[in-house]
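Got your viewer open? Let's take a short walk, picking one thing at a time to select.

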Amino acid sequence: MRVPREDLRVPDAEADIYLVGLGIGGFERRTVEAHNILSDCGFIAHLTAFDDAIRANYQADVYDLGIINAGSDDPSFVYQQITEAVIAAHHNYRIFGPIALVVHGHPLWLVSSSWELLEKTDIRVKVVPGTTFIDQIIGDLAIRMDQGVQVYEASIFHEEGITPDTRYPLVLSQFGEFASSKLRPSGDTVSRMRPMVERLQSLYRPEQMASLILSPWRGDMEPRVTSVPIRDLSAIVSSAHPGVSLVVHGEEK
């Protein structure tokens, strides 16, 4: 039995809402902690590809947030709707136990709803980490990141004019969504990505390698990695889409 704690960062702290990351790669990547918590929940709201598996493995009422996600291309509106749905579920289901918001990867990585819920001071909220896309990239790409790595959201990296240290790998998340305000960008991808491509080419040596990476979010998917010298980056950006990351390799030691 868990003992309630004042500090929700304590591993055994109880909560009203659990923010659960199932990890990247498949339902079987969930941790023992995540499994035990979901087994205790009375309601599970999820934004994953594992609706059938969640319903088969847990007794909770389950709501697939993909319905909300598909309803709009405005990310602020979608995440606000998700936050409101989770808070409503907390009020309606708390007599049956805690509830969970379940996502791919880590629940605090690019999930605005999780941060909004953490700011609700009248609700006990606990984060249950999962494997991140960075962990997946380390395995898929097999380049050294343990000696130093730089990680930015692609649009922030460009808009803030951040100058990276070219000795160490640079990871740009949401690379396929660069210069788009929509969840599902459309139109001329090459033109939209041109400012980013030109900036990276100005920062790095032409022969420095870059890799476009699609990390799998289902167990039946293989990781897809396309690598080119930075001078040829424009040749692969047409295949960039939401969910891909760009890694610019560090200089060889």
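Start by selecting strand β8, residues 209-214: it runs antiparallel to β9, and six bridges join the two. Keep in mind as you look around that this is a predicted model.

Now click on L214 in that pair. Across from L214 you'll find R224, which belongs to β9.

Next, widen the selection to the whole sheet. It is an open one with five strands, and you can walk across it in the order β6-β7-β10-β8-β9. The pairing along the way is mixed. In general, strands in a sheet pair through backbone hydrogen bonds, and they can do so parallel or antiparallel.

Which strands stand at the edges? Select 150-153 for β6 and 224-229 for β9. Each has a single partner strand, so one side of each goes without a neighbour in the sheet. While you have the sheet in view, look at how the strands twist: neighbours are turned by 20° against each other on average, ignoring direction.

Time to zoom out to the whole protein chain. Colour by secondary structure and you'll have eight helices and 10 strands to look for. The C-alpha atoms fill a box of roughly 60 × 40 × 35 Å along the principal axes. The radius of gyration is 20 Å, which agrees with the value near 18 Å that a compact globule of 253 residues would have.

Finally, switch on the surface. The chain exposes about 12,600 Å², and carbon and sulfur atoms supply 50% of that. Underneath, buried residues make up 46% of the 253.

Key. Residues numbered from 1 in each chain as written. Predicted model: local features only at pLDDT ≥ 70, side-chain atom pairs only at ≥ 80, totals over all residues. Heavy atoms only, no water. Pairing = 2+ DSSP bridges. Helix = DSSP H or I, 4+ residues; strand = E, 2+ residues; numbered from the N terminus. Axes fitted to C-alpha atoms, helices over the stretch in contact; angles between N-to-C directions. Rg over C-alpha atoms; globule rule 2.2 N^0.38 Å. Buried < 20%, exposed > 50% of the residue type's maximum accessible area, 1.4 Å probe, protein only. Areas by Shrake-Rupley, 256 points an atom, 1.4 Å probe, with all protein chains shown as cover.
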